[in-house]
Amino acid sequence: MENVRNESLDTKAKVLLIDDNQDFLDLLCVYLKSNGIEADAEYSGHKGLQRYLNRSEEYDVILLDMQLPDVDGNDVAARIYGDATDFETRIPIIAMSGKADTAENEEFSHYLRKPFQLETLLPLINSVLDAQRGNIP
């Protein structure tokens, strides 16, 4: 894995989690919140997309399952990114999937293969936020 730190986040972060596995998302929410990260969960692609597009909340990172039953994760990402071409201002999306070939898309900030160790999540979010802010160590 690239140069990631193992401590908690330097700044407050707000994460939107989109996955149809409620138990998995509940576990992620508890873990993130116990580490000082605000986390909202949506259990369908349509609801997650709707939450993001409504802009009632500002998110720093999105964790997105690529194999949602109601809509493909790539379609959700495409709608979130819209016509934006500026990589520096787009919200980072970390794609998650249990299949190796479903998230090999350069559009994503990172790809997590399920299952993964929870302990890898904080350093990964830190790394993605650092890259977004141009603070790569």
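This passage describes the sheet, the helices across it and the nonpolar cores of a predicted model. Local features need pLDDT of at least 70, side-chain atom pairs count only at pLDDT 80 or more, and totals for chains, interfaces and linings use all residues. Residues are numbered from 1 along each chain as its sequence is written, and side-chain values use heavy atoms, without hydrogens and water.

An open sheet is formed by 5 strands (DSSP runs of E, at least two residues, numbered from the N terminus). Their order is β2-β1-β3-β4-β5, with parallel pairing (at least two DSSP bridges between two strands). β2 (38-42) and β5 (110-113) are the edge strands, each paired on one side only. From one strand to the next, the twist averages 20°. Strand β1 (residues 14-18) is joined to β2 by 5 bridges. Among the residues of β1, valine 15 has alanine 39 of β2 as its bridge partner.

Two helices (DSSP runs of H or I, at least four residues) lie across strands of the sheet. Helix α2 (residues 45-54) crosses β1, β2 and β3 (61-65), at about 155° to β1. Helix α4 (residues 121-133) lies across β1, β3, β4 (93-97) and β5, at about 165° to β5. Angles run from 0 to 180 degrees between N-to-C directions of axes fitted to C-alpha atoms, for helices over the stretch in contact (heavy atoms within 4.5 Å).

The largest nonpolar core (buried Ala, Val, Leu, Ile, Met, Phe, Trp, Tyr and Cys residues joined through side-chain atoms within 4.5 Å) has 25 residues. Buried means under 20% relative accessible area, with a 1.4 Å probe and protein chains only. Leu17, Leu32 and Leu121 have the most contacts inside this core. At least two of its residues come from each of β1, α1 (22-34), β2, β3, β4 and α4. A second, separate core has 18 residues, including Tyr59, Ile62, Ala77 and Ala95.

Notes: Buried < 20%, exposed > 50% of the residue type's maximum accessible area, 1.4 Å probe, protein only.
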